[in-house]
Amino acid sequence: TFQPGQGTISESVKMLGGYSAPDCSTRSLVPGKTVITAASGDYVRINTDNTSSLLIDAVTFTAPFFTGPWGEFGTSGPITISRSVFTGIGGTNGVLGTSIFGPDDDSTLDVRIVDSLFANNSTTGRCVIDMGTSWGDATFTLINNTIMNNPNVTNGGVCVTETTNPDFPN
């Protein structure tokens, strides 16, 4: 189990789960072999920057996870989350959030969530998957995901929003 904080990546990163212990010599697509956690009430955030891309494959999250371009440039390469599991997540932050927060109409975000499971979470957040943009262009693609048994979410399984960035009103 790996317990990260939050940070910004400026290069492309692949987080591949399912490797065998102790030497990581073989990989099977079993998400439970690689688990990302955080302290109670906390979350995990990986910001992308400029053209960095993020691939997460076969990983289990037991803490809320947030990602997307953040800050001055507000653009990134693609973000892909595949064959991953989000389970046992509580608190008020939701389960998975991705958005653009930047001051530039040229900001871009391309997120793909594929073959992932969002189940048995007790978060009281707005949505299980919360996607949005305050600037620029965003493409959100969801393929063959399962969202089930998340009883306390207030607005539903997937929310897509466009909001005005309060720091840079029109």
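Which residue forms a salt bridge with D57, with the closest N and O atoms 2.8 Å apart? It is R83. Keep that pair in mind. We will come back to D57 shortly.

One caution before we go on. What you see above is a predicted model.

Let's start with the whole chain. There are zero helices and 16 strands. The chain has 170 residues, and buried residues make up 42% of them. It exposes about 8,400 Å². Carbon and sulfur atoms supply 50% of that area. Now look at the contacts with a separation of 6 or more. Of these, 79% are between residues 24 or more positions apart.

Back to the charges. The count of salt bridges comes to three. Take D57 and R27. Their closest N and O atoms are 2.6 Å apart. This pair links distant parts of the chain, 30 residues apart. D57 sits in strand β5, residues 54–57. R27 sits in the loop between β2 and β3.

Buried or partly exposed: which is D57? D57 counts as buried, because its relative accessibility is 3%, and buried means under 20%. R27 is partly exposed, with a relative accessible area of 32%.

Now R83 again. R83 lies in the loop between β8 and β9, while D57 is in strand β5, so their salt bridge ties together parts 26 residues apart in sequence. R83 has 37% relative accessibility, so it counts as partly exposed.

The next salt bridge joins R126 and D130, with the closest N and O atoms 2.7 Å apart. R126 is partly exposed at 33% relative accessible area. D130 is partly exposed too, at 24%. As for networks, shared partners join R27, D57 and R83 into one.

On to the inside. How many residues does the largest nonpolar core have? It has 27. The residues with the most contacts inside it are I56, F65, F86, L96 and F118. Several strands give two or more residues to this core, among them β4, β5 and β8. Strands β10, β11 and β13 do so as well.

Look closely at F118. Leave out residues up to four places away in sequence. F118 then touches a list of residues that includes F86, V95, L96, I113 and V128. The list also includes I147 and M148.

Next, the rings. The structure holds four aromatic pairs. One of them is F61 with F65. This pair is tilted, with 4.8 Å centre to centre and 35° between the planes. F61 is buried, with a relative accessible area of 0%. F65 is also buried, again at 0%.

Then comes F86 with F118. That pair is stacked, at 4.7 Å centre to centre and 10° between the planes. F86 lies in strand β9 and F118 in strand β12, so the pair ties together parts 32 residues apart in sequence. Both F86 and F118 are buried. And F61, F65, F86 and F118 form one aromatic cluster.

Last stop, the surface. Which residues form a nonpolar patch there? They are L142, I147, V158 and V160. Together they have about 290 Å² of accessible area. L142 belongs to strand β14, residues 137–143. L142 counts as partly exposed, because its relative accessibility is 34%. I147 has come up before: it is one of the residues that F118 touches.

Notes:
Residues are numbered from 1 along each chain as its sequence is written. This is a predicted model: local features need pLDDT of at least 70, side-chain atom pairs count only at pLDDT 80 or more; totals for chains, interfaces and linings use all residues. Side-chain values use heavy atoms; hydrogens and water are left out. Patches are made of residues with over 30% relative accessible area and no salt bridge: like charges are joined within 9 Å, nonpolar side chains (Val, Leu, Ile, Met, Phe, Trp, Tyr) within 5 Å. Accessible areas come from the Shrake-Rupley method with a 1.4 Å probe; for residues, only the protein chains shown count as cover. A salt bridge is a side-chain nitrogen of Lys or Arg within 4 Å of a carboxyl oxygen of Asp or Glu. Helices (H or I, at least four residues) and strands (E, at least two) are DSSP runs, numbered from the N terminus. Buried means under 20% relative accessible area, exposed over 50%, partly exposed in between (1.4 Å probe, protein chains only). A nonpolar core is a set of buried Ala, Val, Leu, Ile, Met, Phe, Trp, Tyr and Cys residues joined through side-chain atoms within 4.5 Å. Contact means heavy atoms within 4.5 Å. Rings of Phe, Tyr and Trp (its six-membered ring) pair if their centres lie within 6.5 Å; planes under 30 degrees apart count as stacked, over 60 as edge-to-face and the rest as tilted.
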